[in-house]
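Work through the exercises below with the sequence and the model at hand. Each task is followed by a solution in steps.

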Amino acid sequence: MNNQSATMNTKDNPLGYKKESTLLVGFAIPCIISMLVTALYNIVDQIFIGQGIGMLGNAATNIAFPLSTTCTAISLLLGIGSATNFSLHLGAGEKHESEKYAGNGIVLMAVFGIFLFLVTTIFLTPMLKFFGATKDVLPYAKAYTRITAFGFPFLIANTGMSKLILADGSPRYSMTSMLVGAIVNTILDPLFIFVFNMGMTGAALATITGQIISFSISLRYMFHFKTIKLGRESFVVSFDHCKKIFILGASACFNQIAMTIVQIVMNNTLSHYGAQSIYGGDIPLACAGIITKVNMIFMSFVIGISQGTQPVIGFNYGAKKYTRVRKTYLLALGAASALSLVAFACFQIFPRQIISIFGNGSDLYFKFSERYFRIYMFLTIVNGIQPVTSNFFNSIGKSQLGVFMSLTRQILFLLPLIIIFPIFMGIDGVMYAGPIADAAAAIVCGYFTIRELKELKKLEKG
């Protein structure tokens, strides 16, 4: 630690001078919980809908899922983008700029959230059909999405503001705002579905109630930042600030957009080739939806770890503490890889038990789901590399590489494979596309990571 760093006012340094492992744990745990909450909003609905409504209800939530990932994409674009700029300028001692990025980010969250709600409401039916809804699934998907759309502005704003709260050095508050909403959703879901017999409408109402409560808690913090104070001028939108928010938030956003595109193509592929197989169109839609959301639980840990590094890496890179940057990245990569190993074991050993949590089905239903789980998720063991690496490049301001990393698995590899493979292999082609895309993405990320770590070592010596 140099003398300049030692004499810095700790009020201007939300990270303090703790070990990299301590900082990573402190910031990663709230991020993990935040991502888990986002996953739980979907998976809790899926469990109670599966138990109370059945396979068509599960398929309906899978059809609506691209809208959920779109909300996450927007919130990460604006939340990560504003928080990364916030951290970089705070680390450089430019508090006024940090205030501008926070204020501009909040305004953008409100505008984008309202816009998505309006678009979804106006084009609901054609949108759900485009997402792959079959004739039997469409009524359930409409009942669910028509109400959850009201929660889009609150979901986007809350998730985005949680990144600013984290960058301000209040990880526990960020965690609490997300956790309270998830608890409310979990309590209301069985009440509305089973007690009041409200079906898909009840599940949707439980979801948006939790989102509104979480939003209210996060909004309160916007008036009580630790390191900055927002004034009216902070909320005056500037093209330059918005541009930089978009640039540094693009990596995390594009990863979610890629997931959305892949999900839409996959839904249509599953229903089309499923109808030509012994399984029919609805079984693959229901099974794939469940497996996607179970995988979200695992990915919540990985993405939470990667996002937890953002304020640590961003601040220290801005302060030119390159050794801490490198150590933080390697710690995050090691933790994500260990979690990937655990997820791999669960997916290969207990697929039927996991699927059973989401309701009963025919023998054909379980046969397909077990094969899909074991084949599609076979290389889960390397899936921690890409999110951690993508966010690392974004956090040090190398947004172009961050965007490229975020697109490797979903767009460059998985999307072409789920289109091409089924032509020759039928519905099995979708399953085998997964592990091949995982392996290719891991190799590409590994190459750029090694190159960047060498560069950091040069900067340390300089």
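**Exercise 1.** In this predicted model, state which residues ring pairs link into a cluster with Phe-86.

Solution. Ring pairs join Phe-86 to a cluster that also holds Tyr-173, Tyr-221 and Phe-225. The structure as a whole has 21 aromatic pairs.

**Exercise 2.** Classify the pair formed by the rings of Phe-117 and Phe-150, and locate both residues.

Solution. A pair of aromatic rings is described by the distance of the centres and the angle of the planes.
- Step 1: the ring centres of Phe-117 and Phe-150 are 5.0 Å apart.
- Step 2: their planes are at 45°, so the pair is tilted.
- Step 3: Phe-117 belongs to helix 4 (residues 95-122), while Phe-150 sits in the loop between helix 6 (138-148) and helix 7 (152-167). The pair therefore ties together parts that are 33 residues apart in sequence.
- Step 4: Phe-117 has a relative accessible area of 17% and is buried, because the limit for buried is under 20%. Phe-150, at 46%, is partly exposed.

**Exercise 3.** Classify the pair formed by the rings of Tyr-365 and Phe-366.

Solution.
- Step 1: the centres lie 5.2 Å apart.
- Step 2: the planes are at 80°, so this pair is edge-to-face.
- Step 3: Tyr-365 and Phe-366 are both buried.

**Exercise 4.** Decide how the protein chain compares in compactness with a globular protein of that length.

Solution.
- Step 1: the chain has 17 helices and 0 strands.
- Step 2: its radius of gyration is 22 Å, close to the 23 Å that the globule rule gives for 462 residues, so the chain is as compact as a globular protein of that length.
- Step 3: buried residues account for 60% of the 462 residues.

Methods. Residues numbered from 1 in each chain as written. Predicted model: local features only at pLDDT ≥ 70, side-chain atom pairs only at ≥ 80, totals over all residues. Heavy atoms only, no water. Helix = DSSP H or I, 4+ residues; strand = E, 2+ residues; numbered from the N terminus. Rg over C-alpha atoms; globule rule 2.2 N^0.38 Å. Buried < 20%, exposed > 50% of the residue type's maximum accessible area, 1.4 Å probe, protein only. Phe/Tyr/Trp six-rings, centres within 6.5 Å; stacked < 30°, edge-to-face > 60°.
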